[in-house]
Amino acid sequence: QVQLVESGGGLVQAGGSLRLSCAASGRAFSLNAMGWFRQAPGKEREFVAAISRDIITSYRDSVKGRFAISRDNIKNTVYLQMNSLMPEDTALYYCAAGTSFREVITEPNYWGQGTQVTVSS
């Protein structure tokens, strides 16, 4: 099994920055891809970004140029640097992981509990 633990959420003003972290434990060696999803109140959960073990990345259009995903394969940790935050970025952010890049972008096998990001205007 795999456990994912997120950290780094919080309250920030529009235009500010936050960095989310997600540490994987358990069978973390099997995780070829990791990523982030988010869910705002009253909305469906949506893909934000993903990164493969060999550092191929993918982003949803609305965060391109503002968010950057990275990972530390030794620490089995994925990061999401979020800059120029906007109120519409407010959501519960979930770490996700899986054995393939396609899986993580569509239907990840593993999920964290989520960390709240709130952007005030």
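This briefing walks through strands, cores, charged side chains and two unusual backbone angles in the structure above. Keep in mind that the model is predicted. Two spots deserve a good look: Arg 71, which is buried yet has no salt bridge, and a network of salt bridges that links Arg 38, Glu 46, Arg 60, Arg 66 and Asp 89.

**How some strands line up**

- Start with strand β3 (residues 18-26), which pairs with strand β1 (residues 2-7) in the antiparallel sense over six bridges.
- To find your place in that pairing, look for Glu 6, which stands opposite Cys 22 in β3.
- β3 also pairs with strand β8 (residues 77-82), again antiparallel and over six bridges.
- Here Leu 20 has Leu 80 of β8 as its bridge partner.

**The nonpolar cores**

- As a rule, nonpolar side chains in soluble globular proteins tend to be buried together.
- In this model the largest nonpolar core has 28 residues, and Leu 4, Trp 36, Leu 80, Met 82 and Tyr 93 have the most contacts inside it.
- The elements giving two or more residues to this core are β1, β3, β4 (33-39), β5 (46-52), β7, β8, β9 (91-98) and β11 (115-120).
- There's also a second, separate core of six residues, with Phe 37, Phe 47, Ala 96 and Val 104 among them.

**Arg 71, a buried charge**

- You'll find Arg 71 in strand β7 (residues 67-72).
- How far from Arg 71 is the nearest side chain of opposite charge? That side chain is Asp 54, and it sits 7.3 Å away. A salt bridge needs the nitrogen and the carboxyl oxygen within 4 Å, so Arg 71 and Asp 54 don't make one.
- Arg 71 does have polar company, though: its side chain makes a polar contact of 2.6 Å with the side chain of Asn 73.
- A polar atom of the Arg 71 side chain also lies 3.3 Å from the backbone oxygen of Leu 31.
- Leaving aside residues up to four places away in sequence, Arg 71 touches a whole list of others, including Asn 32, Met 34, Ile 51, Arg 53, Ile 55 and Tyr 79.

**Salt bridges**

- Side chains of opposite charge can pair when their charged atoms come close.
- How many salt bridges are there in this model? The count comes to five.
- Arg 38 forms one with Glu 46, and their closest N and O atoms are 2.7 Å apart.
- Is Arg 38 buried or exposed? Arg 38 is buried, at a relative accessible area of 6%, while Glu 46 is partly exposed at 25%.
- Glu 46 also meets Arg 60 in a salt bridge (3.5 Å, N to O). Glu 46 lies in strand β5 and Arg 60 in the loop between β6 and β7, so this pair ties together parts that are 14 residues apart in sequence.
- Arg 60 is partly exposed, with a relative accessible area of 26%.
- Asp 61 and Lys 64 make another salt bridge (3.0 Å, N to O), and Asp 61 is exposed at 62% relative accessible area.

**Two residues with a positive phi**

- Most residues other than glycine have a negative phi.
- Ile 55 is not a glycine, but its phi is positive, about 65 degrees. Ile 55 sits in the loop between β5 and β6 (57-59) and is partly exposed, with a relative accessible area of 49%.
- Ser 84 isn't a glycine either, and has a positive phi of about 50 degrees. Look for Ser 84 in the loop between β8 and β9, where it counts as partly exposed at 41% relative accessibility.

Conventions. Residues numbered from 1 in each chain as written. Predicted model: local features only at pLDDT ≥ 70, side-chain atom pairs only at ≥ 80, totals over all residues. Heavy atoms only, no water. Pairing = 2+ DSSP bridges. Helix = DSSP H or I, 4+ residues; strand = E, 2+ residues; numbered from the N terminus. Buried < 20%, exposed > 50% of the residue type's maximum accessible area, 1.4 Å probe, protein only. Lys, Arg positive; Asp, Glu negative; His and termini not counted. Polar contact = N/O pair within 3.5 Å; in protein donor to acceptor, adjacent residues only side chain to side chain. Contact = heavy atoms within 4.5 Å. Core = buried A, V, L, I, M, F, W, Y, C linked by side-chain atoms within 4.5 Å.
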